[in-house]
Structure formats: C-alpha cells, structure tokens
Amino acid sequence: MDFLPTNAGWIAAPPEFDSPVIIKTFTAEAGERAVISASSLGFFTLHLNGHRVGDEYFTPLNSMPHEFSREKIAYHINDKMIFRAYCHTYDLTPYLKDGENTLEVHLGNGWYRQRERLCELHTVFGKQLCAIFEIHIFGKSGERVVCSRGGETCRTSPLTYCQLYIGEVYDGRIARNENYEYGKCEAVSFPDTILTQADSIPDRISERIKPTLVYTDGNRKIYDAGKNISGFATVICREADGGRVTVRHAEELTADKQNIDPTSTLSQGHYILTGGTEQIQTDVFIGCGQEYTYTPSFVWHGFRYAELVGDGEIEYINVVHTDTRPPSFFESSSPELDRIYSAYIRTQLNNMHGGVPSDCPHRERLGYTGDGQVCAPAAMLLFDPCDMRTFYRKWLRDIFDCQDPVTGHINHTSPFGGGGGGPGGWGCAGITVPYNYYKLLGDMSMMSLYYDRMKLWMKYLERHTEKGLVTHGEPGGWCLGDWVTTEGAVILPPALVNTAYMIKCSRIMCDVASLTGHEADIPYYEGLRDTASAAMNREYLAPDTGSFAEEVQGADCFALFAGLGDGRVYDNIRRKYTCLGRYDTGFIATDLLTEQLFAGGDADLAYELLTAHRYGCFGLMLDRDATTFWEYWSDYASHDHPMFGTVARHLFSGILGIGQEDDSVGYEKPVISPKPPRKLARARGRVRTVHGDITVGYERAEGRIDFTVELPCPATFTFGGERRDLPAGLTKMSFPDTVSF
C-alpha cells in the first residue's frame with residue numbers, strides 16, 4: 001500500500017539539534033495493522049517501539065527538495081528547477097503493540113544540511129532538519145490517521161556530529177545515560193516541494209566483510225577490506241569514559257604500508273572544508289566506560305583501508321549501495337579481462353546511491369551527467385534490466401527536474417550539485433539515456449514522457465553554435481569536450497566533441513520523433529544534422545588524409561560516432577592505435593574507440609589496448625592492485641570512478657558478440673557475432689535481457705573454435721562470413737580457427 005502524506009504537514013526540529021529524534025505516540029489495539037508514509041529533509045530512519053523499521057539506508061531518495069542559495073556554487077546558474085521530496089512507505093504492523101506505541105523518526109543531515117564541504121556546491125538548504133509522516137491504522141472500528149502536525153516532542157541523540165562527506169561522531173556516554181536535551185517541533189511549509197512516492201531501488205547492506213588486520217602499532221590498527229567499497233565499518237569501542245576511537249578511511253596505503261593515505265581520493269587541493277582542512281572521511285566513537293558496538297547511520301565512505309586509533313576494533317565492514325545484483329557474468333582465459341569485468345561491476349555498484357549514478361563514492365558523490373551517460377549502456381546491459389528500468393527512470397526525472405524549462409539548459413549534475421562539464425558529453429545525457437532506455441531495456445516510455453524536454457535541449461544546442469559548431473554553454477561555465485586523457489591536458493577541441501554529439505543526437509531525435517508521433521519535427525533535426533556535419537567537415541576534416549583535427553586524442557572516433565567522413569576515418573583509427581599501442585583518449589573516446597575497434601573487426605588491437613601492462617592500457621591499473629576503476633590513467637586522485645569501466649560492456653558486445661538487429665529493442669531479435677581475439681583461448685559470459693538470458697561461450701581446441709550459445713528466443717549467428725539461424729535454447733557449433741572477423 002503506497003500513499004502520500006496528504007493529511008500531514010512538515011515539521012522542523014530545533015536548529016541546534018545535529019541529529020534529532022522526533023517522537024510521536026499513538027494507541028493501537030491487538031490485531032490492528034498500520035502503514036506509514038514518511039519523508040524528510042535530511043536522511044531519516046524510523047523506529048517503532050524500539051525496533052528499526054525496514055532495512056534501507058540513506059532515505060529519502062536523493063533529490064532537490066526546494067530552492068537554495070546559489071551564491072557559493074562552482075559557477076553561477078539561474079535555472080528554474082522542479083523541487084521534490086520522495087516519500088517511502090513502510091508496514092508498521094510487525095512492530096505494533098496493544099496500547100501506547102512510540103514512533104521515533106531519527107534524522108541525519110544527509111544532503112540537506114552539509115555545512116562544511118566547499119567544492120562544486122556549498123549549500124545549506126535549511127538550518128533545521130524536517131520530516132513529514134502519516135500513519136494509517138486499520139482495525140475493527142475502521143481506519144484512523146496519525147499525522148505530523150507540529151508540536152511533537154523532539155530530542156537530541158548520541159549522534160553529535162553527522163556530515164555525509166566527512167563522517168559521524170557517536171557519544172556512547174549519551175546513549176548510556178540517556179542524557180538528552182528535549183524540545184518541540186514546529187510546523188513549517190515548503191509550498192514548492194512536490195511529494196513523490198519513492199519509486200527507485202533503495203540502498204541496503206549487500207555484504208559484510210571481515211577485514212584483514214594488516215598492520216598494528218600499539219593502539220593503532222590498519223584494516224584491509226580486500227577491495228574498494230562504499231559503506232562503513234561496524235566498530236567495537238572499549239574506551240574509558242570520554243576516550244575516543246577514531247576511524248579514518250582511505251583507498252591507498254602509503255609506500256611503507258604502515259599508514260593509510262587519507263588524501264588519496266583528493267586532487268589539486270580542491271577538496272577542503274569550511275575550516276580549511278582537507279576532506280578526510282573520519283568517524284569518531286566516544287567511550288562510555290563499557291564496551292559497545294556501533295554502526296554509522298547516515299554516512300557512507302569510499303575506501304579499502306581503515307585505520308583505527310584507540311581501544312577498539314573493527315568487527316566487520318558493511319558494503320552499502322543500491323540493492324541490485326548483476327545477473328551477468330564473464331570469465332575467460334585472460335585474468336586482465338576478468339578483472340576488468342569485476343572491477344567495473346564493483347565500481348558501478350559503489351556509485352549507485354539514492355537513485356543516482358555518481359562519479360565517485362567519496363569526494364564529490366554527484367550525479368554527473370557525463371559519467372552517467374557514458375556508463376548507462378554498460379549498466380543497462382550488465383545489470384538486471386528490470387532494476388535498471390527503475391533506477392534510470394528515477395535519474396531521468398532528476399535530469400529533467402533540473403533542466404531549465406525556458407532555455408532548455410541541462411545541468412552537469414543531476415540532482416543539481418554544482419560541478420562542470422560540457423554541452424555534449426554531459427548535457428546530451430538528456431537524449432542518449434532515454435534512447436538507450438528504449439533500445440537496451442525495450443521501454444519507450446521515457447522518450448514519450450520527455451520528448452518535449454529532449455527537443456528543448458536540441459534547441460539549446462542550436463542556440464549555442466557559431467557557424468554550425470557547438471562552441472559554448474552557459475556564460476562563465478565549463479565547456480569541456482572529453483576529459484582526463486593520458487596526456488593530462490585535453491587538447492582535443494571541445495567544439496569537435498560537442499558538435500559530434502549534436503549530430504549524433506540529431507540522428508537519434510529523428511528516430512525518437514518517428515516513434516513518438518512527432519514526425520513533423522524530423523526535418524528540423526535533419527537540418528541540425530546537416531548544418532553541423534558541414535561545419536565539422538569545413539573546420540576539422542583534412543581532405544588529403546580523411547582525418548579530423550589531426551587525429552588528436554580520439555578525434556576520428558568522434559567523427560565516426562557522428563557518422564562523418566569516409567572509409568579512411570576508420571582506417572586512420574586502426575593505423576594510429578596500432579602504432580601507438582595504447583589509449584591516448586579521455587573517458588568518452590575510450591569507450592567509443594573500444595567499440596569501434598570491435599565493430600571494425602580489429603579484436604586483436606582492442607584486446608591489446610584493454611590488457612597491455614603499460615601506461616594508457618588497463619593492465620597497468622591491475623598491476624597496481626586496482627579493484628575498481630581509476631579516475632585518471634595514472635594513480636592520481638580517486639580510484640573509484642566508473643567512467644573508464646564502461647569498456648566492460650565490449651567484452652559482451654565485442655568479444656562474445658551479443659547484439660541485436662537494428663530494428664530490435666530489448667534484444668527481441670538477438671544477433672550473435674563473436675569476435676574472439678587470437679590471444680584469448682576461451683571466454684564465456686551472460687547478460688539478462690527483458691526477454692531472458694543470453695549466454696555465449698567459446699573455446700579454442702585443435703585448430704577449431706567451439707561455440708556454445710543459449711538463447712531465450714530465436715537469433716542470428718554470424719562468424720567467419722557464415723550466417724546461421726539459431727533456435728531458442730542451447731546450440732553448440734564448431735568452426736575452423738582460421739577465420740577472419
């Protein structure tokens with residue numbers, strides 16, 4: 001039973017209470033049942049009669065709850081946005097008792113009252129944490145309603161400090177003595193906030209890890225979770241009254257392996273707090289003279305290593321993220337490819353919180369549209385399609401909630417959180433993500449729902465052109481093309497990248513207009529495509545070589561992506577990267593290049609770039625014990641960014657050849673066209689589509705290559721120039737191992 005609290009009102013706790021508990025009592029009779037709908041500004045958890053209600057973390061879903069001060073954002077915007085807060089519904093019946101019942105709504109600052117972090121967006125939405133809730137009780141005498149109205153009792157909690165980007169301070173003395181301060185809640189109003197039923201997948205604990213103690217020195221211990229995770233540690237504190245156990249989190253150890261490097265996720269000195277100190281992930285547990293165990297409530301960290309100082313220990317480490325599991329798998333004779341797959345899955349999960357695909361789980365934690373749009377096809381292919389429909393439906397709502405309804409500007413982060421990017425590789429998420437939602441997940445509802453907003457974005461791009469090239473975004477804002485190349489500096493012209501995206505999205509919008517009954521708009525999109533294509537050829541094409549922008553940092557990959565040039569474009573790509581032997585590309589072109597090499601039949605070259613153990617290839621990350629994908633090609637800064645990890649999808653679409661006909665959606669008409677690299681003796685993998693699982697495997701033996709294909713529906717199989725029609729079910733085939741792709 002989902003419902004919204006239409007009878008209730010918002011209530012606010014006293015501003016001096018850092019992590020307050022709102023208390024509401026009501027009576028119930030034996031045999032009655034009760035359901036609650038609740039939301040908050042800040043995170044919340046519910047307890048009824050001392051029992052935690054539900055097992056979700058970091059509720060409500062991440063959103064822009066209401067208007068905020070824009071004075072301290074990375075660059076100024078005046079965009080009008082849609083503000084909403086998500087309501088979550090829970091069954092209280094298992095926790096009811098006959099007589100008086102006590103509901104406690106525990107609030108944490110969450111995204112709402114971040115008072116210390118500076119970078120991208122320094123915002124404090126409000127000074128007081130707020131909640132709204134409505135309980136429906138059903139009994140023999142009918143239904144009655146208990147609501148938040150104002151005047152409710154409110155108290156402090158043992159959680160005396162709670163900042164999402166930093167950590168928590170839990171005071172065991174307050175818990176032991178119940179030494180609380182009490183106050184009253186006041187009724188408040190947020191007329192522009194739309195209450196919306198939560199419809200994305202919540203965060204839950206997915207795994208508990210017993211960490212390895214790797215170093216100890218007196219009261220200082222260093223633990224290793226064995227992999228980069230998002231989550232928090234459950235800590236046993238044995239400190240005396242007032243003593244402290246401090247836990248700091250990091251992705252790396254120092255060179256001597258005797259210290260953690262808590263600054264390893266930071267870069268360029270930008271990630272500092274209002275007090276001038278660095279943004280270090282730290283939890284503190286204050287002793288009460290007797291042993292207690294505590295698990296953080298309202299923060300997660302991105303880390304592999306944890307340093308504990310004080311009389312205590314880490315009992316286990318909780319892995320927390322959106323509650324989804326990948327039904328896909330990949331295994332092969334290449335340890336590098338296997339680790340690319342597992343590292344991408346882990347990195348993507350670490351960056352799924354509150355219905356938002358983030359850039360990293362520690363430093364920014366923002367829904368960058370650039371990272372999000374590049375990763376979406378991989379996530380939609382490798383995770384459960386039903387889960388991805390739910391997850392990306394919510395994030396698309398975020399994108400268009402934050403789009404200005406007049407100018408059409410799409411922000412670089414959704415929900416908006418400041419940050420930078422570019423018109424194409426970032427804002428074009430408003431086109432590519434709904435379209436991939438349709439092609440990969442078989443659902444055109446997002447294109448139909450947001451067609452007008454998608455068209456508005458195309459008009460925005462058109463207004464930001466000069467002589468047919470997309471040359472700028474918002475005044476004073478970033479206008480990136482690609483980002484984080486191997487050279488560090490991006491010399492690839494941003495206008496080339498952004499115009500290539502405009503051309504690609506114009507082609508997509510012709511298809512979208514046809515599918516959604518807006519055929520009259522097709523000439524407009526064709527005009528945008530033709531004008532931009534002519535401008536690209538005029539500005540960047542070298543007629544004598546067929547290359548664009550002197551082939552720098554994947555320039556030809558963007559041209560091919562946009563459908564420009566002749567056959568020499570791909571030939572030049574093959575020649576360049578055969579000679580170079582590594583990627584020189586940023587995160588967008590890295591994905592494009594890998595896809596194009598497999599599509600062009602150069603699986604051996606793609607395999608070399610993916611697995612070689614040198615700078616600009618992924619094998620180097622693995623040599624340095626990476627368990628998640630790095631933000632940069634070097635080990636500088638964050639080691640938990642999924643954007644480069646999207647190459648994992650090409651293990652399936654390229655090596656195993658899992659694809660679909662051009663007119664197919666959701667893999668209703670599968671095409672299996674394997675392109676096994678010659679150095680790869682065997683590979684096998686599975687993806688789940690809306691029509692069922694597709695499993696493809698091969699193994700080389702005695703001059704032949706044996707394929708096993710298992711399908712939910714009939715498909716076409718192509719290999720070595722031969723085409724076969726395969727039935728649903730299991731098929732085994734053999735071919736000479738001398739064919740070309």
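Helix H11 is followed by Gly-563, a residue with a positive phi near 80 degrees. The model described here is predicted. H11 itself spans residues 555-562 and is mostly covered, since seven of its eight residues are buried. The buried residues are Ala-555, Asp-556, Cys-557, Phe-558, Ala-559, Phe-561 and Ala-562. What covers them includes three helices, H9 (494-515), H12 (568-580) and H13 (587-599), together with strand E30 (547-548).

Two of the helices that cover H11, namely H12 and H13, also meet each other. Two packed helices are described by the angle between their axes and the distance between the axes. For H12 and H13, the axes come within 11 Å and cross at roughly 105 degrees. An angle from 65 to 115 degrees counts as roughly perpendicular, and H12 is therefore roughly perpendicular to H13. On the side of H12 the contact is made by Tyr-570, Ile-573 and Tyr-577, and on the side of H13 by Leu-593, Gln-596 and Leu-597. Sorted by class, this contact has five nonpolar residues, one polar residue and no charged residues.

Helix H13 also takes part in a pairing of aromatic rings, through Phe-587. A pair of aromatic rings is described by the distance of the centres and the angle of the planes. A search of the whole structure finds 36 aromatic pairs. One of them to consider joins Tyr-170 and Tyr-294: the ring centres are 3.8 Å apart and the planes stand at 15 degrees, so the pair is stacked. Tyr-170 belongs to strand E12 (residues 167-171) and Tyr-294 to strand E21 (residues 292-294), so that the pair links distant parts of the chain, 124 residues apart. Both Tyr-170 and Tyr-294 are buried.

The pair of Trp-426 and Phe-587 has another geometry. Here the ring centres are 5.7 Å apart and the planes stand at 85 degrees, so the pair is edge-to-face. Because Trp-426 lies in helix H5 (residues 423-427) and Phe-587 in helix H13, the pair ties together parts that are 161 residues apart in sequence. Residues with under 20% relative accessible area count as buried. Trp-426 is buried, as its relative accessible area is 2%, and Phe-587 counts as buried at 1% relative accessibility. Ring pairs can also build a group: Phe-43, Tyr-57, Phe-58, Trp-111, Tyr-165, Phe-232 and Trp-300 are linked by them into a cluster.

The discussion now turns to strands. Six of them form an open sheet in the order E5-E4-E7-E2-E10-E13, with antiparallel pairing. Strand E5 (51-53) and strand E13 (182-184) stand at the edges; each has a single partner strand, so one side of each is left without a neighbour in the sheet. On average, neighbouring strands of this sheet are turned by 35 degrees against each other, with direction ignored. Within the sheet, strand E2 (residues 21-28) runs antiparallel to strand E7 (residues 99-108), and eight bridges join the two. As a point of orientation along this pairing, Lys-24 stands opposite Leu-103 in E7.

Two hairpins offer further examples of antiparallel pairing. In one, strand E8 (residues 130-139) pairs with strand E9 (residues 142-147) over six bridges in the antiparallel sense. Gly-139 stands opposite Gly-142 in E9, and the hairpin has two residues between its strands. In the other, strand E36 (residues 715-719) and strand E37 (residues 722-726) are antiparallel partners over five bridges. Phe-719 stands opposite Glu-722 in E37. This hairpin of E36 and E37 has two residues between the strands, and Gly-720 takes a positive phi near 60 degrees.

A last residue to examine is Asp-604, which is found in helix H14 (residues 603-611). Is Asp-604 buried, exposed or partly exposed? Its relative accessibility is 30%, and a residue between the limits of 20% and 50% is classed as partly exposed, so Asp-604 counts as partly exposed. Leaving aside residues up to four places away in sequence, Asp-604 touches Pro-677 and Arg-678. With respect to Asp-338, Asp-604 is 266 residues away in sequence and 17 Å away in space, taken from C-alpha to C-alpha.

Methods:
Residues are numbered from 1 along each chain as its sequence is written. This is a predicted model: local features need pLDDT of at least 70, side-chain atom pairs count only at pLDDT 80 or more; totals for chains, interfaces and linings use all residues. Side-chain values use heavy atoms; hydrogens and water are left out. Buried means under 20% relative accessible area, exposed over 50%, partly exposed in between (1.4 Å probe, protein chains only). Helices (H or I, at least four residues) and strands (E, at least two) are DSSP runs, numbered from the N terminus. Contact means heavy atoms within 4.5 Å. Two strands pair if DSSP finds at least two bridges between them. Axes are lines fitted to C-alpha atoms, for helices over the stretch in contact, and angles run from 0 to 180 degrees between N-to-C directions. Angles under 35 degrees count as roughly parallel, over 145 as roughly antiparallel, 65 to 115 as roughly perpendicular and the rest as oblique. Ala, Val, Leu, Ile, Met, Phe, Trp, Tyr, Cys and Pro count as nonpolar, Asp, Glu, Lys and Arg as charged, and the others, Gly among them, as polar. Rings of Phe, Tyr and Trp (its six-membered ring) pair if their centres lie within 6.5 Å; planes under 30 degrees apart count as stacked, over 60 as edge-to-face and the rest as tilted.
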